[in-house]
Amino acid sequence: MLTTPHFTIEDKCWESAFFAKKWGLLKFIGDDINITKSIDVLGKDLTIILKHSDKIYDLIEFQISTSFFLLIMLLEDFNFRLVDSHITFKTLINKKKIVQQKLFLSSHDVNIRMYDKKDLNDIIQLTHNNLTKNPNFISRFKNLNYFESADAERYFELCISNSIANKNSFCSVLSDNYNKVKGYFIYEKRGKFNNLPIYKGILTVIEKDLRGQSIHLALQYYLFSQLKDSAYYIDNTTQLSNISVIKNHIKSQRVLENISLIFFRKNGNR
């Protein structure tokens, strides 16, 4: 791990192995007061740590809250480029107060149930059709300045397979009368937050012709009703470009936690 008074860089081991490139994660040590008072010092620190990191890494990632706006501008001076965004909601759920979101579907015979092993191929194909092969879906893993054309499909397939196989994961699915998956929502239990269990939303996809009917909310509430915990937090994180989902989170009274931006710096010398 490389360290200066205000920054550290650590290996992203899994990503380095999966994408066959040496990948580092840059972290800022400080707060917004430090940034305001010490922008010149921070620039010198970045110069030092990046000089060393260029000998090691092909790609440097940096995730920063939008509250650190001055640091964002400094990153651009060092050839970091914005590649993705996150908006995170963390909300306390009381199982006794869960109101089931009913399905109001005009012409589709579908139902909600929990995941079955036979659903995996359908879920992966649904994801490719609506995300990885959809030119309107934005993802850093689809950015050909940093990744190969097949990397996004490989990444999402493994992400889904690993998440569903995890004993701490729960997946609800929307299926038709032929048991064909038309939508899904995956949550994974990720330790505790404020002394209560926290479940992180991993991924959700709804078939295009079924959108606009709050189905993903129905999938969530069905899944929540299956959990044994009487109270817990949920972490819903999506991209800033996903306006419809953000509106639904606000409509569902999700509690805003943070907005962050993801930057990449590519080493042109490696």
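Visitor: Which handedness does the crossing of α5 and α6 have?

Guide: In this predicted model, α5 crosses α6 in a right-handed sense. To read a helix pair, take the angle and the axis distance together. Here helix α5 (residues 120-132) and helix α6 (residues 151-165) pack at about 140 degrees, and their axes lie 10 Å apart.

Visitor: Which residues in α5 and α6 meet?

Guide: On the α5 side they are L120, I123, I124, T127, H128, L131 and T132, and these meet A152, E153, F156, E157, I160, S161 and I164 of α6. By character, the contact holds eight nonpolar, four polar and two charged residues.

Visitor: Which residues of the largest nonpolar core touch the most other members?

Guide: A core is a network of buried nonpolar residues joined through their side chains. In this 28-residue core, I123, I160, Y184 and F264 have the most contacts with other members. Helix α6 gives the largest share, five residues. Leaving out residues up to four places away in sequence, I160 touches L120, I123, I124, T127, Y184, I186 and L203. There is also a second, separate core of 21 residues, with I9, L46, L74 and F263 among them.

Visitor: Is α7 mostly covered or exposed, and how many of its residues are buried?

Guide: Mostly covered: nine of the 12 residues are buried, namely I215, H216, L217, A218, L219, Q220, Y221, L223 and F224. Their cover includes strands β6 (110-114), β7 (169-176), β8 (181-193), β9 (196-206) and β10 (231-238), along with helix α8 (243-251). As for length, α7 (residues 215-226) reaches 17 Å from first to last C-alpha, close to the expected 16 Å.

Definitions and conventions
Residues numbered from 1 in each chain as written. Predicted model: local features only at pLDDT ≥ 70, side-chain atom pairs only at ≥ 80, totals over all residues. Heavy atoms only, no water. Axes fitted to C-alpha atoms, helices over the stretch in contact; angles between N-to-C directions. Helix = DSSP H or I, 4+ residues; strand = E, 2+ residues; numbered from the N terminus. Left-handed = near helix turned anticlockwise from the far one by under 90°. Contact = heavy atoms within 4.5 Å. Nonpolar A, V, L, I, M, F, W, Y, C, P; charged D, E, K, R; others polar. Expected span 1.5 Å × (residues − 1). Buried < 20%, exposed > 50% of the residue type's maximum accessible area, 1.4 Å probe, protein only. Core = buried A, V, L, I, M, F, W, Y, C linked by side-chain atoms within 4.5 Å.
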